[in-house]
Amino acid sequence: MPPAEPKFPNPPLDEIDHRSLLTADQAAAHFGVKPVTIRLWAHRGKITHVPIAGNGPRLYHLVPLARAERDAWENGADRARRGGRHPEWKPCTGISN
């Protein structure tokens, strides 16, 4: 059975700028979350890595990451009982759905 399409899919490979690809650690630092959060988003089907040949780390596209971060923000990730975020952290803006 093929994997389901992620909630926030990547654009076609020929439209991806390599500068918009991040490792899980880079994405976590960019969005103010832990690297395990990025891997959880992938495991839960919100995002998927960009399928690039080679043995390097998995790379994630910035736009689906931003959409997953916005979704997490809107669905309670900022609540203290869930670990919360830094008090001054604001959700990513400028990415349309």
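These are my notes on Tyr60, the core around it and one helix pair in a predicted model.

I began with the ground rules: residues are numbered from 1 along each chain as its sequence is written, and side-chain values use heavy atoms, with hydrogens and water left out. Because the model is predicted, local features need pLDDT of at least 70 and side-chain atom pairs count only at pLDDT 80 or more, while totals for chains, interfaces and linings use all residues.

I looked up Tyr60 and found it in strand E2, residues 60-61 (strands are DSSP runs of at least two residues, helices of at least four, numbered from the N terminus). Tyr60 is buried, with a relative accessible area of 5% (buried means under 20%, with a 1.4 Å probe and protein chains only). Leaving out residues up to four places away in sequence, I noted its contacts (heavy atoms within 4.5 Å), among them Leu22, Ile38, Ile47 and Leu65.

I then turned to the largest nonpolar core (buried Ala, Val, Leu, Ile, Met, Phe, Trp, Tyr and Cys residues joined through side-chain atoms within 4.5 Å), where Ile38, Trp41, Ile47, Tyr60 and Leu65 touch the most other members of the 15. Helices H1 (24-31), H2 (35-43) and H3 (62-74) are the elements that each give this core two or more residues.

Last, I checked how H1 meets H3: Ala27, His30 and Phe31 of H1 are in contact with Leu62, Leu65, Ala66 and Glu69 of H3.

How values were computed: Buried < 20%, exposed > 50% of the residue type's maximum accessible area, 1.4 Å probe, protein only.
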